[in-house]
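This report describes a protein chain together with its ligands. The sequence and the structure are shown first, and the account of them follows.

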Amino acid sequence: MRYARVIVGMNNPQTDRVFDYHIPEVFRDEAKEGVRVIVPFGRKNTKTEGYILSLAYESEIPPDKLKDILEILDDGKPIFTPQMLHLAQWMKENYFCTLSQCLQAIMPTGIKTKSIWQVALNENADISACKGGEMAVLEALKEMGNTVDLSELEKVLGSAGKYAVRQLQKKKILLLKQKMIRSEYKMEQRFYSINEGSSMWEEVLKKAEVDKRLLGQRKLLQLLKEKGEVSLEEIKKSGISESPLKTLLKKGVLSERRNQRKREVFSLEDYERTMPFYPTEEQRKALEEIEHQMNLEKKKPILLHGITGSGKTEIYMQSIAKILAMGKQAVVLVPEISLTPQMMERFISRFGDVVSITHSRLSPGERLDQWKKARDGEISVMIGPRSALFMPFTDLGMIIIDEVHDNSYISDITPKYDVREAAKMLAEDTGALLLMGSATPDLVSYHKARQGEYLLLELKERTGGGALPRMEIIDMCKELEEGNRSAFSGVLQEEIGRALEKGQQTMLFLNRRGFATFVSCRSCGHVMRCPECGISYTYHAKEEVLMCHYCGKTVESPRNCPACGSKYIRYFGTGPQKIEEEAKRLFPKANILRMDLDTTTGKNSHNQILEAFRNGQADILVGTQMIAKGHDFPNVTLVGIMAADTSLNTGSFYASENTFQLITQAGGRAGRTDDRGKVYIQTYQPKHYCITHAAEQNYKGFYEEEILLREMMGYPPFGAFCSVVISGEDGGETARAADVLGGILQAENRENNFFIMGPVPAMLFKFRGEYRQRILIQGPEENALVQFVVECVGKGEHNVGKGIHFQLTRNPLNIV
Ligand code: ADP
Ligand code: ZN
Ligand code: ZN
């Protein structure tokens, strides 16, 4: 085929379509679907990275207008499988972004080409007419070495220089050259040997033996003569520098061989092989159902609901073994935070080097090599967070999503995709089975399972028969009444003291999420809420008002509790640091570790803190939800959830669901081994259904109540939200644009199918130099809602200035 449909790697919506290119004769074999290329783009034929979406026999573009593909990258090996191209297309349509953004999210890290512009002096130009500013540019250029990066030059010259550079370029005194930089993180080993085809080497050696200046060459030739082929490292180790090597290579005396190796991210010797467990009765039943689905033509996604320690991971592993026996591959998605060494160990010990792992703590080169192993068929199982879904497997048999409720499955950068939705789409596309597991499934997934859209499998017992920890609710209003103003209830203080005496460990959780500050009464626990939306108000300190971030309703902040009249209104949850300080005061002899955003900025600080705690280097670990997931701490017998209310009142309808998950998970940390642990849940709302069910570890009870509320309010799964953030550098113009869009939405909402809230100033009103307004639209059916909003935004874009951006998000986790 002679033509390629290419998408260029730019994130501009205007260029987000395919462009036809002619394939030169020499590239006909290599130009394939999914291959990365360099093409000339735009009026100036700027060299740009692109991706071939498809090939064609014909093009509608007249032949004289068609440009040639300049280069084929990656030796013509596609970086996108057909399935991944398809998935990218789907993501573009579902997450309001460009195809090129989706392709870049899918493609492996570490192989992007970068282009830089260099400036050089045109030797033949006449510079006699150049004046002040222009002369300054020419002088700087001379000093910096005649060919320099444009950005460097502009940095040296400042903004005045920019103009002069442009003028000089117009006069053709300066030439602009584009240089492509390819940053592929290859790990190459180089080997050298004497070129047998050339008889020169003996002559060269003779000369080197008598000339002292050629000592390096002599040593090198002697080494190669003796050993045959020698690696670069070995040559260097023998004290020979690279310069004789280069000289002899140039002369053709030596030949070079390059060997690309893929980096290993673990060493097999560190792991002992383990065998599968004999499944328990519950596990056996689940495995049977899973195997049955595997063999069906049309497979139903499976939701595996099983309490912590019920053997879900074992089921994943035994299912994977079946997939491998069928000659297929599997992907296991886990939240980044729970991809612990213990978790990795279980898979590696079971499957050896057919598994690999990818995560953000690996270097780009390491990650790229794991991707290549998948492409080249060297591995069959990939474990990792979101991006593990994008492995170029050829025959994907199963996608597993562990802890399927986890919010980290939604990308927080563009494209803001939900990997669970993407996995479902990919599973349908490839015929793979989708298996999702959790102790606390998200409400939407569980609802789908109840409705029969997913197959629901349940595990109700811990494999070891171990009991769940005992959970107790502590009413903090009562504590206050009794004169205890500390963040630690009396019981918790006593229990911590007891654990310290016994040499046992304690974990203290404090869930602070997002930016929301809620207002509640410490005497009766009453939380100030929007009467329309049922969402807790957010406190805005500057204006001293309370605001509902869904509908924008604003009220004055009360001095006394509207429910009981008490003056103990409190404005924000305590931070982990305050808890740590108070714990230090109460237990001066205890070793205390803290883990939150402030203490985990370093690359590996996260794991270091957890490992230190695991190794018993501290008695108490204070932390945010970060410490709740996936880790096994055998010596923890006591868990304190300091203020369950902080996560209950985040100003989002997900709050109850997230709190239930947090408490259940935190509870799972206590008493994982025989010693039955204790969990204390401190709260100002001890009767809240979310707290009471969590304390009983009663997921179904919680689900039944929460789902009623959702139905009443039309919240997902009974309806959907779409948020539009309107942003721009000018505050006034942004507000006007938001009003324009608001007007269009209202006008188009003829049948009143949709509920339009706002525009209101966004929670992050000013962010990265832009002002932000937000409109939230609610509707009973997701697709119809999205279509409506997309159409209105399309109209809005025609009616506002150029500097205004609209950003759409489906069912946003946080309304910001
Ligand atoms: P989950 O993933 O649901 O938390 P795991 O798969 O981690 O549960 O199982 C909990 C513990 O029980 C693990 O230590 C695991 O090795 C062990 N286990 C799992 N299945 C069995 C089994 N059939 N027999 C004995 N032990 C098992
Ligand atoms: Zn009150
Ligand atoms: Zn409201």
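In this report, helices (H or I, at least four residues) and strands (E, at least two) are DSSP runs, numbered from the N terminus. By that numbering, R350 belongs to helix α11, which covers residues 341-351. The model is a predicted one.

**Overall architecture**

The chain contains 24 helices and 34 strands. Its C-alpha trace spans about 95 × 65 × 60 Å along the principal axes. Of the 816 residues of the chain, 52% count as buried.

**Surroundings of ligand 1**

There are 15 residues around ligand 1, and those that come nearest are Q283, G309, T313, R346 and T463. Sorted by class, the shell comprises 4 nonpolar, 8 polar and 3 charged residues. Helix α10 (residues 312-325) supplies the largest share of this shell, with 3 residues.

Contacts between polar atoms of the protein and ligand 1 are set out below.

| Residue | Protein atom | Atom of ligand 1 | Distance |
|---|---|---|---|
| Y278 | backbone N or O | nitrogen | 2.9 Å |
| Q283 | polar side-chain atom | nitrogen | 2.7 Å |
| G309 | backbone N or O | oxygen | 2.8 Å |

On its own, ligand 1 has 550 Å² of accessible area, and the protein covers 73% of this area.

**The zinc site**

Which protein atoms are the donors of the zinc ion (ligand 2)? They are the SG atoms of C521, C524, C561 and C564, which lie 2.2 to 2.4 Å from the ion. Along the chain, these donors follow the spacing C-x2-C-x36-C-x2-C. Two of the donors, C521 and C561, may be placed within the fold. C521 lies in strand β22 (residues 520-521), whereas C561 lies in the loop between β25 (554-556) and β26 (569-570); the pair therefore ties together parts that are 40 residues apart in sequence.

The geometry of the site can be stated in terms of angles. The 4 donor atoms around the zinc ion (ligand 2) subtend angles of 106 to 112°, and the arrangement is therefore tetrahedral. For four donors, this assignment requires all angles to lie between 85 and 135 degrees. As a general reference, the ideal angle for four tetrahedral donors at a metal is 109.5 degrees.

Are C521 and C561 buried or exposed? A residue counts as buried under 20% relative accessible area. C521 has 0% relative accessibility and therefore counts as buried. C561 has a relative accessible area of 4% and is likewise buried.

**Helix α11 and helix α8**

R350, introduced above as a residue of helix α11, has a relative accessible area of 10% and is therefore buried. The side chain of R350 makes a polar contact with the side chain of E314, at 3.0 Å. Residue 314 falls within the range of helix α10, given as residues 312-325.

L248 is a residue of helix α8, which covers residues 242-251. Its relative accessibility is 0%, so L248 counts as buried. Between L248 and N195 there are 10.0 Å in space, C-alpha to C-alpha, and the two are 53 residues apart in sequence.

**Backbone features in loops**

Where are the cis peptide bonds of T414 to P415 and of P716 to P717 placed? The bond from T414 to P415 is cis, with omega near -5°, and P415 lies in the loop between β17 (396-401) and α13 (419-430). The bond that joins P716 and P717 is also cis, with omega about 10°. P717 is found in the loop between α22 (699-713) and β31 (720-728).

Two residues other than glycine have a positive phi value: phi is near 50° for N45 and near 55° for D74. N45 is placed in the loop between β3 (36-41) and β4 (46-56), and D74 in the loop between β6 (71-72) and α1 (82-94). With 40% relative accessibility, N45 counts as partly exposed, because that class lies between the limits of 20% for buried and 50% for exposed. D74, at 17% relative accessibility, counts as buried, because its value is under 20%.

Terms used. Residues numbered from 1 in each chain as written. Chains lettered and ligands numbered in written order. Predicted model: local features only at pLDDT ≥ 70, side-chain atom pairs only at ≥ 80, totals over all residues. Heavy atoms only, no water. Near = heavy atom within 4 Å. Polar contact = N/O pair within 3.5 Å; in protein donor to acceptor, adjacent residues only side chain to side chain. Areas by Shrake-Rupley, 256 points an atom, 1.4 Å probe, with all protein chains shown as cover. Nonpolar A, V, L, I, M, F, W, Y, C, P; charged D, E, K, R; others polar. Donors = N, O, S within 2.8 Å, 3.2 Å for Na, K, Ca; no water. Tetrahedral: all angles 85-135°; square planar, octahedral: opposite > 155°, others 65-115°. Buried < 20%, exposed > 50% of the residue type's maximum accessible area, 1.4 Å probe, protein only.
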